[in-house]
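Student: I would like to learn how to read a model in which protein chains and DNA strands appear together. Could we go through it one feature at a time?

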2 protein chains.
Amino acid sequence: MKQGTRRSGGTKGVRQARSDRSREQILRAALDLALEHGYQGTTMAAVSTRSGLPVGSVYWHFKGKEQLFVALLEHCYEVWLEIHSGPEGVRRKLSRGITGLSGADPEHHTKEEALLKAAAVWALSRRLGGLDEDSEVRAAYLRMRAEMFKVDVERITESVPADVTERFPDMPTKLTVLSLAFTDGFYVHANSEVHLDLDFGEYADLAARALEGLVDDFARRAAEER
Amino acid sequence: MKQGTRRSGGTKGVRQARSDRSREQILRAALDLALEHGYQGTTMAAVSTRSGLPVGSVYWHFKGKEQLFVALLEHCYEVWLEIHSGPEGVRRKLSRGITGLSGADPEHHTKEEALLKAAAVWALSRRLGGLDEDSEVRAAYLRMRAEMFKVDVERITESVPADVTERFPDMPTKLTVLSLAFTDGFYVHANSEVHLDLDFGEYADLAARALEGLVDDFARRAAEER
DNA sequence: GTCTATATGAGGATAGAC
DNA sequence: GTCTATCCTCATATAGAC
């Protein structure tokens, strides 16, 4: 057994336990480093140093840098799924997404969530300094992004009045896209070191108000048609 | 004279003319390559090949890769300034910004504009795979971004009703930030190769409607207070 | 000013002892 | 499973002839 495959079941030997711990140490180190230096900026040597394990061990657990990051993304996605359960309206979503950028809301912004946000940028096309088209990391992230989008749509659907969704079935999808665009856009701003004086809380409110206004607009139209 | 300095005036010798042409060829090659492969993906060797000039020449005209890209950004910024003159409301701005993403509006989307958009991503923090904090390219871009933001605010101010700006003086700034966030957010989406079926024209309209609703909201409030 | 050959350094990955 | 020494590739940059 090697690289990624784990003992299917039964008793865990002491060696196995130690191996698992090494694996986790490596992933942990990769997570920290990736948040500090990005994908390209994270070297296998650095992962080795930070994890306290030699390079050889890293390559024993993961076939290469790509596989390491795919495993890391999978871990983060699992955490994301655990956190994001239960209904959530546009307002709350925007508030979490935008306010969280200022770092003012650390308890709701885990490292894992932060990494997924960062990965969104890594996955941008090559032209933008993103990963290669055939990168496994990129492919893995895009799969997850699609899944997360679905979850978002479902949860936003629950927050939109029934008569609106009845008349405009794709409204929740549109709202999700718009609020995602908002969040991503502010994410870019927050990481551009321009306009440091932005009050993200205020903008989250403005953004929410703008989208809620849109929903009201459609609600009015739905009501008029009766 | 060397590297970036140009003859101040007077008659241009034949050698000078040829040198200028070489410089332009190099910049042109860099522009094309940067749009295809990004900053990191553009190698000096490739610039040399594409421009038809040897590596040595490239390093004669520009001290290094950073200087080359700073010069490129300056060129693009000049083009941007020429294009973006005259008033422009939020709607038109969003329409240009978002619809342009689909590539459906090529005539209004020059290579230079595209490069500035790409540079916004390059300038993201190191954690996101962006340039180093002390990168000259990054610093140059951030200066330009601040300038472009100012221009945007001025032009959006002209499109907001006078009574609103009177009562809420920072409304134009907020609108600019929101519409920039929208544009940047959709830019991320457009380059993520997810939801390829997005109708950017429709979303540009929705986004514009949402922001216009916000303005109306404030206009109502301003009116009520009289 | 233009060109070729080459120095330099970084990072991903492997070999093979233990 | 763990560790060390080493290889390979590739990109920036320079030296120096013309």
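Tutor: Let us begin with a word that we shall need: two residues are in contact when heavy atoms of theirs lie within 4.5 Å. Please keep in mind throughout that this is a predicted model.

Student: With that meaning of contact, how many residues of chain B are in contact with chain A?

Tutor: On the side of chain B there are 52 such residues, and they are in contact with 52 residues of chain A.

Student: How is the size of an interface often given?

Tutor: The general idea is that one often states the accessible area that is lost when the parts come together. In this model, about 4600 Å² is buried between chain B and chain A, and carbon and sulfur atoms give 64% of that area. On the side of chain B, the residues that lose the most area to chain A are B:Arg127, B:Leu128 and B:Asn191, which together make up 13% of what that side buries.

Student: Which surface does each copy use to meet the other?

Tutor: The copies meet through the same surface, because 100% of the interface residues of chain B are also interface residues in chain A.

Student: What rotation superposes chain B on chain A?

Tutor: A rotation of 180°, with 0.0 Å of shift along its axis, superposes chain B on chain A with an RMSD of 0.0 Å. That is the relation of a two-fold axis. If you wish to find the axis in the picture, look for B:Gly185, whose C-alpha is the one in chain B nearest the axis, at 1.9 Å from it.

Student: Let us turn to the DNA. Which residues come nearest to DNA strand C?

Tutor: There are 15 residues around DNA strand C, and those that come nearest are A:Met44, A:Lys65, B:Gln16, B:Ser22 and B:Pro54. Of the atoms of this strand that come within 4 Å of the protein, 68% belong to sugar and phosphate. By class, the surface near DNA strand C has 4 nonpolar, 9 polar and 2 charged residues.

Student: Which atoms of the protein lie by the phosphate oxygens of DNA strand C?

Tutor: It helps to ask in each case whether the protein atom belongs to the backbone or to a side chain. For A:Met44 a polar backbone atom is 2.9 Å from a phosphate oxygen of DNA strand C, whereas for B:Ser22 a polar side-chain atom lies 3.0 Å from a phosphate oxygen of that strand. The side chain of B:His61 also has an N or O atom at 3.2 Å from a phosphate oxygen of DNA strand C. In chain B, helix 1 (14–41) and helix 3 (55–61) are the elements that give two or more residues to this surface.

Student: Which element gives the largest share of the surface near DNA strand D?

Tutor: That is helix 3 of chain A, with 5 residues. Among the 16 residues around DNA strand D, the nearest are A:Gln16, A:Ser22, A:Pro54, B:Met44 and B:Tyr59. A phosphate oxygen of this strand is 3.2 Å from a side-chain N or O atom of A:His61, and polar backbone atoms of B:Met44 and B:Thr42 lie 3.0 Å and 3.4 Å from phosphate oxygens of DNA strand D.

Student: Where does UniProt place the "DNA-binding region" in chain A?

Tutor: An unreviewed UniProt entry places this feature at residues 43–62 of chain A. In the model, that span is 75% helix and 0% strand, and its end C-alpha atoms lie 14 Å apart.

How values were computed
Residues are numbered from 1 along each chain as its sequence is written. Chains are lettered from A and ligands numbered from 1 in the order in which they are written. This is a predicted model: local features need pLDDT of at least 70, side-chain atom pairs count only at pLDDT 80 or more; totals for chains, interfaces and linings use all residues. Side-chain values use heavy atoms; hydrogens and water are left out. Copies are superposed by least squares on the C-alpha atoms of residues with pLDDT of at least 70 in both. A residue is near a molecule or strand if one of its heavy atoms lies within 4 Å of it. A polar contact is a pair of N or O atoms within 3.5 Å; within protein, one must be able to donate a hydrogen and the other to accept it, and residues adjacent in sequence count only if both atoms are side-chain atoms. Helices (H or I, at least four residues) and strands (E, at least two) are DSSP runs, numbered from the N terminus. Ala, Val, Leu, Ile, Met, Phe, Trp, Tyr, Cys and Pro count as nonpolar, Asp, Glu, Lys and Arg as charged, and the others, Gly among them, as polar. UniProt positions are given in the numbering used here, feature names are shortened, and annotations may be inferred rather than shown by experiment. Buried area is the accessible area (1.4 Å probe) that two parts lose on being put together, summed over both.
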